[in-house]
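Thanks for sharing this one. Below are a few notes to read alongside the coordinates, starting with one helix and then moving to the whole chain.

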Amino acid sequence: MTYQADEKGYYGEFGGAYIPEMLYPNVEELKQQYIQIMQEESFQKEFKDLLKDYVGRPTPLYFASRLSEKYNTKIYLKREDLCHTGAHKVNNTIGQILMAKRLGKNRIIAETGAGQHGVATATVCALMGIECIVYMGEIDIDRQAPNVARMKLLGATVIPAKSGSRTLKDATNEAIRDWINHPVNTHYIIGSVVGPHPYPDMVARFQSVISEEIKSQLLEKEGREAPDYVVACVGGGSNAAGIYYHYLDNPDVGIIAVEAAGKGVLSGESAATSALGKEGIIHGSKTLLMQTQDGQITEPYSISAGLDYPGIGPMHANLYRTGRAEFISITDEDAMKAGQELARLEGIIPAIETSHALAIFEDRKFKKDDIVVLNLSGRGDKDLSTYIDYFNL
Ligand SMILES: *Cc1c(COP(=O)(O)O)cnc(C)c1O
């Protein structure tokens, strides 16, 4: 039994590539080549060198002693917040820009909601001197002005999506339309383990550097490669896929996925996709997504922009369906408290996405000797105004 994707990009019953016929040549080209390209020695060398010297890897595996003491278990934090640009997302955009170059593409498109993936994409395009176009909902452009400014400063063109609800899903539609119109020279950088095959598998492989590093870091600190649990927040699921990757098929490692309950799972304002989702197709793959009786995608809500996504990647839908992972949903309120607690106990201000993962320790108890590794997916600088408003700072 494996929890990895099969050749057609299925994780159990989820995944695949459900795309308009016009997009078939683009996706097929990538599908035929991605594994071979990733395995080339020159690709591996360039990827590893950039992760080391540009991103700042390996990121530390930090034993959080005061947090551990408070919750009476051993908590390690994988410090993805220390990556260049402040989160794990850049691991994937570095990988994909190298992939695009190998495929002979000289134009990059991306979609972004909160702007974090847009910034990570604009960053690697600047690094490589490649044209970058980011689609972003008009409403998100207003809400996320600092990230829009970052992208522009990095030389990207930000195009507002003005249709529908003028948010992430509309930006995605615009990006897909662009890709259909520019099949030869353009690569579409998707920001999480979502989208048609091969994206979920490709992005998971790029992010798998996270658990690759943990294996040797934990061996050095604890004398074993595998912890008792790995924990991550799940928006689309890329930081989670990265920390789970090398432990997926090891039944001794418990997998914990944390979703955003917003104002409460049953409040009507939530992003708890696994609890509320039903099977459906979003962004080209079959997965669990939040939808109405007649299949219209519901607008998700979370205080954290990065978890505010109506679906989850097919890997995670399968981990949920098979019971391999334990899913926990955390409200805005509990996440904010956990973020403040980490700041005060460890001197680390986390991204609010990450704060959701940190909040599980209040209710989910572990044994004293358990080793729990939590993915500290990003730093809280981008969320300062939300923290200020919430705590009246
Ligand atoms: C984007 C983001 C997430 C959510 O995305 P995943 O693909 O689920 O990892 C989580 N944490 C941070 C800091 C982010 O920027």
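Which residues of H8 are buried?

1. Please keep in mind that this is a predicted model. In it, the buried residues of H8 are Asp170, Ala171, Thr172, Glu174, Ala175, Asp178, Trp179 and Ile180. It may help to recall that an α-helix has 3.6 residues a turn, so residues three or four places apart point the same way.

2. The cover over those buried residues of H8 comes from several elements. Among them are helix H1 (24-39) and helix H9 (199-207), together with strands S5 (107-112), S6 (131-137), S7 (157-161) and S8 (186-188).

3. The length of H8 (residues 168-181) checks out: 14 residues at 1.5 Å each should span 20 Å, and the end C-alpha atoms are indeed 20 Å apart.

4. Stepping back, the chain has 16 helices and 14 strands. Its C-alpha trace spans about 55 × 45 × 40 Å along the principal axes. The radius of gyration is 19 Å, which agrees with the value near 21 Å for a compact globule of 393 residues.

5. On packing, 58% of the 393 residues count as buried. Among contacts with a separation of 6 or more, 72% are between residues 24 or more positions apart.

6. As for the surface, the chain exposes about 16000 Å², with 50% of that supplied by carbon and sulfur atoms. The side chains include 40 positive and 51 negative ones, and the centres of these two sets lie 2 Å apart.

How values were computed:
Residues numbered from 1 in each chain as written. Predicted model: local features only at pLDDT ≥ 70, side-chain atom pairs only at ≥ 80, totals over all residues. Heavy atoms only, no water. Helix = DSSP H or I, 4+ residues; strand = E, 2+ residues; numbered from the N terminus. Rg over C-alpha atoms; globule rule 2.2 N^0.38 Å. Buried < 20%, exposed > 50% of the residue type's maximum accessible area, 1.4 Å probe, protein only. Contact = heavy atoms within 4.5 Å. Areas by Shrake-Rupley, 256 points an atom, 1.4 Å probe, with all protein chains shown as cover. Lys, Arg positive; Asp, Glu negative; His and termini not counted. Charge placed at Lys NZ, Arg CZ, Asp CG, Glu CD. Expected span 1.5 Å × (residues − 1).
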